[in-house]
Amino acid sequence: MLVLLALCALCFAGYLYTRNYLSARAKQNEEDVLKINAERTQEYNAAMAEHQQQSAADKDMQWPAAAASGWDVVDLTAYPVSEGSLTTVTRKEMLEGGLLLINRWHMMPADLTDDMMISISRTSRADEDKNNNIPTTNSSLMLQPVAVNALMKLYGDARAAGLDMDGIIVSEGYRTMEQQTSLWNKKVESLSGSYSGERLNEMAMRSTAYPGTSDYQTGLSVFVYNYKKGDNEFTSTLLHETEQGKWLYQNCWKYGYIFRYPIQGFPYADTVDKSFKTGYTDQMKVYRYVGVANAAAMNTLGMCLEEYIEYLMAHPHIAVYSDGTLKYEIYRMEGGYSDTAVTVPYGAASYSASTDNMDGLIVAITY
């Protein structure tokens with residue numbers, strides 16, 4: 001009996017010890033947890049304070065001052081893109097954005113297809129405002145819709161300025177791969193009697209693009225010339241020497257178009273040569289849609305399309321001003337091959353996004 005009582009006492013003592021130990025351990029664990037939580041809370045609060053301080057600093061960062069008069073491009077590479085909301089841009093929208101670069105060094109993408117194009121003449125004739133009609137050599141000429149719409153506004157405003165645009169004819173637009181292949185083969189055949197091998201290809205490429213490398217295949221470029229039946233004086237005059245041609249050259253950027261292939265002395269004596277970038281030395285009356293914001297920047301910077309994309313690669317965030325007022329904010333990011341979320345700053349009136357076909361996506365914001 002005494003042994004049993006001793007065992008009971010021993011068990012009770014062990015129970016009390018274990019309970020006290022576990023209680024103390026639980027209390028210690030609770031204190032440890034509270035300490036760890038307090039440290040994590042402190043770290044979180046410190047991180048949030050630093051983030052808020054940095055955000056406030058970014059928000060308060062003053063952009064470089066723009067010129068008080070005229071057009072000016074300001075480099076914002078060291079500054080964050082203005083605060084805004086995320087908007088998804090589709091690959092199709094990127095192909096329509098205007099900055100798709102196709103030349104002898106960059107092939108057209110496979111997903112740029114014929115069904116993305118519309119008839120230039122049929123679309124313009126169907127518009128309610130007949131002043132927007134675009135004369136073409138035939139109704140089969142096509143462009144991407146954004147390029148047709150901009151060209152219609154250009155023709156309409158030129159007529160509103162008192163110019164007769166019925167004799168300014170579009171003779172080239174979008175070319176299919178089959179059409180470009182046919183043109184290439186004809187050019188090579190015409191030169192084959194004088195050249196061969198690599199020299200033959202080199203000579204052919206001076207005026208005709210290898211299939212898949214023609215800017216016409218973007219669906220964003222047009223070739224224009226002047227012609228009026230019965231008016232030999234007008235028809236025989238060079239386009240850039242007509243009033244219409246001068247107006248077109250001087251004002252096309254306001255509608256998102258640029259003169260695509262400037263060469264030394266063409267179309268005007270003071271034209272700066274860009275053939276070392278474009279790859280073409282022939283006199284070609286080609287106008288290319290790039291979007292209004294980008295055209296304004298290119299016009300201000302005096303750059304051709306190839307130069308402009310290279311400029312944005314080196315300066316991926318810029319702002320364009322007119323008389324000291326912000327008009328456009330443009331930034332470049334990597335991507336452009338699939339649907340992508342981009343930042344559209346608060347207060348933007350509109351935006352466009354374009355693949356440049358050089359591993360970049362360029363977003364142009366209009367204010």
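**Figure 1. Strands β6 (residues 221-226) and β8 (residues 286-289) run antiparallel and are joined by 3 bridges.** Please keep in mind that this is a predicted model, where local features need pLDDT of at least 70 and side-chain atom pairs pLDDT 80 or more, while totals for chains, interfaces and linings use all residues. Numbering starts from 1 along each chain as its sequence is written, and side-chain values use heavy atoms, leaving out hydrogens and water. To find one of the links between the strands, look for Phe223, whose bridge partner in β8 is Val286. Helices (H or I, at least four residues) and strands (E, at least two) are DSSP runs numbered from the N terminus.

**Figure 2. Follow the open sheet of 4 strands in the order β5-β6-β8-β7, with antiparallel pairing.** The edges are β5 (168-172) and β7 (257-259), each of which pairs on one side only. On average, neighbouring strands of this sheet are turned by 40° against each other, direction ignored. Strands count as paired if DSSP finds at least two bridges between them. Helix α8 (residues 243-251) lies across β5, β6, β7 and β8, and runs at about 35° to β8. Axes are lines fitted to C-alpha atoms (for helices, over the stretch in contact), and angles run from 0 to 180 degrees between N-to-C directions.

**Figure 3. A second view shows an open sheet of 5 strands, ordered β1-β9-β10-β13-β12, with antiparallel pairing.** At its edges sit β1 (71-75) and β12 (350-355), each pairing on one side only. Neighbouring strands here are turned by 20° against each other on average, direction ignored. Within the sheet, β10 (residues 325-334) and β13 (residues 360-366) run antiparallel, joined by 7 bridges. A handy landmark is Ile330, whose bridge partner in β13 is Ala364. Helix α11 (residues 305-314) lies across β1, β9 (317-322), β10 and β13, at about 80° to β10.

**Figure 4. Helices α10 (residues 292-301) and α11 pack with their axes 10 Å apart, at an angle of about 100°.** That angle is why α10 counts as roughly perpendicular to α11. The cut-offs are under 35 degrees for roughly parallel, over 145 for roughly antiparallel and 65 to 115 for roughly perpendicular, with the rest oblique. Where the helices meet, α10 brings Asn294, Ala297, Met298 and Leu301, while α11 brings Leu305, Tyr308 and Tyr311. These contact residues divide into 6 nonpolar, 1 polar and no charged. Contact here means heavy atoms within 4.5 Å. Ala, Val, Leu, Ile, Met, Phe, Trp, Tyr, Cys and Pro count as nonpolar, Asp, Glu, Lys and Arg as charged, and the others, Gly among them, as polar.

**Figure 5. Time to look inside: the structure holds 2 cavities of 30 Å³ or more.** The largest has about 60 Å³ of space. Its lining is made by Leu239, His240, Gly245, Tyr249, Phe259, Phe266, Pro267, Tyr268, Lys285 and Tyr287. By class, these residues of the largest cavity are 7 nonpolar, 2 polar and 1 charged. On a 1 Å grid over the protein atoms alone, a cavity is a set of points where a 1.4 Å probe fits but cannot get out; a pocket is an open set with protein on both sides within 12 Å along at least five of seven lines, and lining residues have an atom within 4 Å of a point. Points are joined across faces, edges and corners, and a volume is the space filled by probe spheres set on them.

**Figure 6. The second largest cavity has a volume of about 40 Å³.** Around this cavity you will find Leu151, Leu154, Tyr155, Val224, Leu248 and Tyr287. Tyr287 may look familiar, as it lines the largest cavity too. Helix α4 (residues 145-160) gives the most to the lining of the second largest cavity, with 3 residues. The lining has 6 nonpolar, no polar and no charged residues.

**Figure 7. The largest pocket offers about 420 Å³ of space.** Among its 18 lining residues, Tyr249, Pro262, Asn299, Gly302 and Met303 are the closest to its centre. At least two lining residues come from each of α8, β7 and α10. The lining of the largest pocket has 12 nonpolar, 4 polar and 2 charged residues.

**Figure 8. The second largest pocket holds about 310 Å³ of space.** Of the 16 residues lining this pocket, Gly97, Tyr289, Tyr351, Ser352 and Ala353 are the closest to its centre. Two or more lining residues come from each of α2 (91-96), α10, β12 and β13. Strand β12 supplies the largest share, 4 residues. By class, the lining of the second largest pocket divides into 8 nonpolar, 6 polar and 2 charged.
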